[in-house]
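Hi,

Here is the structure I promised to pass on. Have a look at it first, and then read on for what I found.

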Amino acid sequence: STLKGNYKWEIFSVFITDANDFYIDVEFANDKEYETFLKNRKSMSMFNTGVSIDKSDDILTLSTCDYTRVDGRFVVMAKLVK
């Protein structure tokens, strides 16, 4: 919920990585590179959420520290339900 309205997100990936991973990239050379990025993030998921994604989706990335590895990050990625 925000001042502008309520939004619903569907989680498509939950994974653990490290601080050297560019999981928060927002700039890509082209659509193919972005699609590869999304496919890679979905394949890293600890769970199969059954949620499909493509380059036209609005993506939300949440992350926090993960102490199971050095400089670990616990990441949740979701797409906006339109």
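Let me start with one residue pair: Cys65 stands opposite Arg73 in E3. Keep in mind throughout that this is a predicted model.

That pair belongs to a hairpin. Strand E2, residues 59-66, runs antiparallel to strand E3, residues 72-80, and 8 bridges link them. Another facing pair there is Leu62 and Val76, the latter in E3. Between the two strands sit 5 residues, and in this hairpin Asp71 has a positive phi near 55 degrees.

Stepping back, the protein has 1 helix and 3 strands, and their order along the sequence is β-α-β-β. In the sheet the order is another matter: the 3 strands are arranged E1-E3-E2, in an open sheet with antiparallel pairing. Why do E1 and E2 each have one side without a neighbour in the sheet? Both stand at the edges, E1 being residues 9-18, and each has a single partner strand, so one side of each stays free of a neighbour in the sheet. From one strand to the next, the twist averages 20 degrees.

Now the helix. H1 covers residues 31-43 and packs on the sheet, where it touches E1, E2 and E3. The direction of H1 makes about 80 degrees with that of E1.

Next, the aromatics. You'll find 3 aromatic pairs in the structure. One of them is Phe28 with Phe37, a tilted pair with 5.0 Å centre to centre and 50 degrees between the planes. Tyr34 and Phe37 are a stacked pair, because their planes are at 15 degrees, under the 30 degrees cut-off for stacking, and their ring centres are 6.4 Å apart. Those two residues are 3 apart in helix H1, so about one helical turn separates them. Taken together, Phe28, Tyr34 and Phe37 form one aromatic cluster.

How buried is that cluster? Phe37 has a relative accessible area of 10% and is buried, and Tyr34 is buried too, at 16%. Phe28 is at 23% relative accessibility, so Phe28 counts as partly exposed, given that buried means under 20%.

Tyr34 and Phe37 also turn up in the largest nonpolar core, which has 10 residues: Phe12, Phe15, Tyr23, Tyr34, Phe37, Leu38, Val51, Ile53, Val75 and Met77. E1, H1 and E3 are the elements that supply two or more residues to this core, and H1 gives the most, with 3 residues. This fits a familiar pattern: in soluble globular proteins, nonpolar side chains tend to be buried together.

Met77 is a good core residue to click on. Leaving out residues up to four places away in sequence, Met77 touches Glu10, Ile11, Phe12, Ser13, Phe15, Tyr23, Phe37, Arg41, Ile59, Leu60 and Thr61.

Arg41 in that list deserves a look of its own. Is Arg41 buried or exposed? With 7% relative accessibility, Arg41 counts as buried. Arg41 lies in helix H1, and beyond its neighbours within four places in sequence it is in contact with Ser13, Phe15, Asp21, Phe22, Tyr23 and Met77.

Asp58 is the other residue I'd point you to. Asp58 lies in the loop between H1 and E2 and, at 38% relative accessibility, counts as partly exposed. Which residues does Asp58 touch, not counting those up to four places away in sequence? They are Trp9, Ala78, Lys79, Leu80 and Lys82. Trp9 is 49 residues away from Asp58 along the chain, with 9.4 Å between the C-alpha atoms of the two.

A few overall figures to finish. Of the 82 residues in the protein, 28% are buried. Among contacts between residues at least 6 apart in sequence, 64% join residues at least 24 apart. The protein exposes about 6,000 Å², with 53% of that coming from carbon and sulfur atoms. Along the principal axes, the C-alpha atoms fill a box of roughly 35 × 30 × 25 Å.

Over to you!

Methods
Residues are numbered from 1 along each chain as its sequence is written. This is a predicted model: local features need pLDDT of at least 70, side-chain atom pairs count only at pLDDT 80 or more; totals for chains, interfaces and linings use all residues. Side-chain values use heavy atoms; hydrogens and water are left out. Two strands pair if DSSP finds at least two bridges between them. Helices (H or I, at least four residues) and strands (E, at least two) are DSSP runs, numbered from the N terminus. Axes are lines fitted to C-alpha atoms, for helices over the stretch in contact, and angles run from 0 to 180 degrees between N-to-C directions. Contact means heavy atoms within 4.5 Å. Rings of Phe, Tyr and Trp (its six-membered ring) pair if their centres lie within 6.5 Å; planes under 30 degrees apart count as stacked, over 60 as edge-to-face and the rest as tilted. Buried means under 20% relative accessible area, exposed over 50%, partly exposed in between (1.4 Å probe, protein chains only). A nonpolar core is a set of buried Ala, Val, Leu, Ile, Met, Phe, Trp, Tyr and Cys residues joined through side-chain atoms within 4.5 Å. Accessible areas come from the Shrake-Rupley method with a 1.4 Å probe; for residues, only the protein chains shown count as cover.
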